Amino acid sequence: MGFNYSGLGSEALYRLRRQSFRAFEVQRQVLREIMLRNRNTEIGRQLGFAGIRSVQEYQNRVPVSEYHDYAGQIDRMLDGQTNLLTADDAVYFSLTSGTTGEPKYLPVTEADLKIHCLYAYYAIFGMIREYYPDLPEEKLFSKIFQVGEFVETFLPDGRMNGIRSSSLYQWLDRDGRFDTSDYCAPKQVVFPDTLEDLTYVKARFALAEPEVRGIHGVFVHRMIGMLRYIESHWDLLLHDMETGDVSPEAGISEEWKAFLRDRLPANPVRAGELRQIRTDPGMALRIWPELKYVIVIGGSAFAPYMEQLRYYTEHVPIHYFAYAASEGVFAVAPGLDRPDEYLLIPEAGLFEFLPVDAPKGTRPLLFWELRPGMRCELIFTNRSGLYRYAMGDVLEITGFYGQSPIIKFCYRENQALNIANEMMTTEDLEAAIRHFEREEGINLDGRYCVCDDYSTWTPCYKLYLEADGLDPVRAAELFDSCLSRECWGYHGCRKLGEIGPPRVVLIPEGSFAAYDRMLADSGRYTAQGKPLRILNSPKARHWFEQLEEMKKL
């Protein structure tokens, strides 16, 4: 074994539990540490951190903030200035979606990454160890199938940057010594030089290893994409395994073809074993009979994907990983097979909770003021320079472990669409439509709506337009380009093949007016309602799908 999974995991899990039982004091201590550490920074002097002695004083003196409150200082940090938001230098800049097509950067300090590593990495191994107390170490933590890959990207001055889900692995490999010997694929696959679709490459390495113990990923849609790829390209993959070659249909570069030919010589014995396997329910367990667990973000918000994951893995226990965002890692699933439950990490930062629909001016609540059943928007102070930051995430308090809340993520305010964690906002969508109108030379006057579409091999977006004379194919290509320009997350997911090309459906003139009349006839007064943009109800989706079916007749 190249890593002490059980030892470090048990220590981290013990610390998480101990801190959870004294979470009230830990929260106060976290704030004291952040104020003391950053009192002489530019923002610390502006807001008077040195004089803040309690959480109440902090709430009274420091306003709730959003990204635009930090944009100027972050730009200066990117230029190399220090001691602006934190006394500690940022070691990573996390990319997050913007509404103008340009990515936003959020600084991440080493203190934040240490919390991330301790609780959303080590502690998970401790939970797996507890679930299988009698299994030897090598039966749990060897031959890991890592579905993700972590491109190491840097700013011009050498500081790391990229998406938050890659930050920990980039940081762990900052000196080039991250040990991948327990993975079924070599380090070059886990840390590729460029961002590209390596599904075929990872599938070849995973299939060649019969003793995979765990499948690790971030979001469940990516894991399902991998398993569906293996199922649908079964004959191709086994043919190439048998011959040691790479078929042209693999669609990878000459460099990766040479890499595979060198690393994976012909293996007709393993190919013959796999040919006896049925690719139907339980496929993953037949390919890897030693599979003990899956780590992935899933749950009710990803219901279609979770059904597919169970189709492939059947009874294999799932750890639902962490609740996190570009702004920080907030919580970790408290055990295996516990969907929609996340234990807030008391040391991560100061948590505040603004009850949904609270009157303007309501003071956000703290750990000791919460009760099960409450729904609140999260306001978070992290260790990387965000102070009372309005996350826009709505959480439900479902219980407590000790003094630390257990939460369920409900939804993100102003998030319109989210197939593959692209987190597209309504502003992104509307900006893309405005750009689409300019390019087409038309005015839709609000006569459009969008929904996710899982009927295609790779899920995509479907745009309903009330516009005569457009070519649907050309319109779909343009809409794809506009979404990529306006939403950084969408652009990245399209590049990785996680979202398919959108579809455009032209519907008859007067369709949106007819929809409004239908709502009015059913008792809904529409004049003061919001315009239809997202088909997020079964009734609305069904109504427009009927139009699409009639158009085919």
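**Figure 1. Leu343 and its partner across the strands E11 and E15.** In this close-up, Leu343 stands opposite Ile406 in E15. The model is a predicted one, in which local features need pLDDT of at least 70, side-chain atom pairs count only at pLDDT 80 or more, and totals for chains, interfaces and linings use all residues. Residues are numbered from 1 along each chain as its sequence is written, and side-chain values use heavy atoms, with hydrogens and water left out. Strand E11 (residues 342-344) and strand E15 (residues 404-412) run antiparallel and are joined by two bridges. Strands here are DSSP runs of E with at least two residues, helices are runs of H or I with at least four, and both are numbered from the N terminus. Two strands count as paired if DSSP finds at least two bridges between them.

**Figure 2. The hairpin of E14 and E15.** On this side, E15 meets strand E14 (residues 389-401), and eight bridges join the two antiparallel strands. Look for Tyr401, whose bridge partner in E15 is Ser404. Two residues lie between the strands of this hairpin, and Gly402 takes a positive phi near 65 degrees.

**Figure 3. The three-stranded sheet E18-E19-E20 and its helix.** This open sheet has mixed pairing and the strand order E18-E19-E20. Its edges are E18 and strand E20 (503-506), each of which pairs on one side only. On average, neighbouring strands are turned by 25 degrees against each other, direction ignored. Six bridges hold E18 and strand E19 (residues 460-465) in an antiparallel pair, and Cys449 has Tyr464 in E19 as its bridge partner. Helix H18 (residues 472-486) packs on the sheet and touches E18, E19 and E20, with its direction at about 135 degrees to that of E20. Contact means heavy atoms within 4.5 Å. Axes are lines fitted to C-alpha atoms, for helices over the stretch in contact, and angles run from 0 to 180 degrees between N-to-C directions.

**Figure 4. The four-stranded sheet E2-E1-E5-E4.** Here four strands form an open sheet with mixed pairing, in the order E2-E1-E5-E4. Strand E2 (104-109) and strand E4 (153-154) are the edges; each has a single partner strand, so one side of each has no neighbour in the sheet. E4 runs antiparallel to strand E5 (residues 160-162), and two bridges join them. Thr153 is the residue to find opposite Asn161 in E5. Helix H5 (residues 71-78) packs on this sheet, touching strand E1 (90-96) and E2, and its direction makes about 70 degrees with that of E2.

**Figure 5. Helix H1 against helix H6.** Helix H1 (residues 5-20) has 16 residues, which at 1.5 Å a residue should span 22 Å, and its end C-alpha atoms are indeed 22 Å apart. The expected span is 1.5 Å times one less than the number of residues. Among the buried residues of H1 are Tyr5, Gly9, Ala12, Leu13 and Leu16; buried means under 20% relative accessible area, exposed over 50% and partly exposed in between, with a 1.4 Å probe and protein chains only. H1 packs with helix H6 (residues 110-131) at an angle of about 105 degrees, the axes being 7 Å apart. The two helices are therefore roughly perpendicular; angles of 65 to 115 degrees count as such, under 35 as roughly parallel, over 145 as roughly antiparallel and the rest as oblique. Residues making the contact include Leu13 and Leu16 of H1 and Tyr122 and Phe125 of H6.

**Figure 6. Helix H6 against helix H8.** H6 also crosses helix H8 (residues 164-172) at roughly 100 degrees, with the axes coming within 10 Å. H6 and H8 are therefore roughly perpendicular to each other. Contact residues include Leu113 and Tyr121 of H6 and Tyr169 and Trp171 of H8.

**Figure 7. A selection of salt bridges.** Across the whole structure, 36 salt bridges are found, each a side-chain nitrogen of Lys or Arg within 4 Å of a carboxyl oxygen of Asp or Glu. Asp452 and Arg541 make one of them, with the closest N and O atoms 2.6 Å apart. Asp452 belongs to strand E18 (residues 448-453) and Arg541 to helix H21 (residues 538-552), so the pair ties together parts 89 residues apart in sequence. Asp452 is partly exposed at 22% relative accessibility, and Arg541 is partly exposed at 23%. In another panel, Glu486 and Arg485 meet at 3.7 Å, N to O; Glu486 is buried, with a relative accessible area of 7%, whereas Arg485 is partly exposed at 45%. Finally, Glu149, Lys202, Arg222 and Glu498 are linked in a salt-bridge network.
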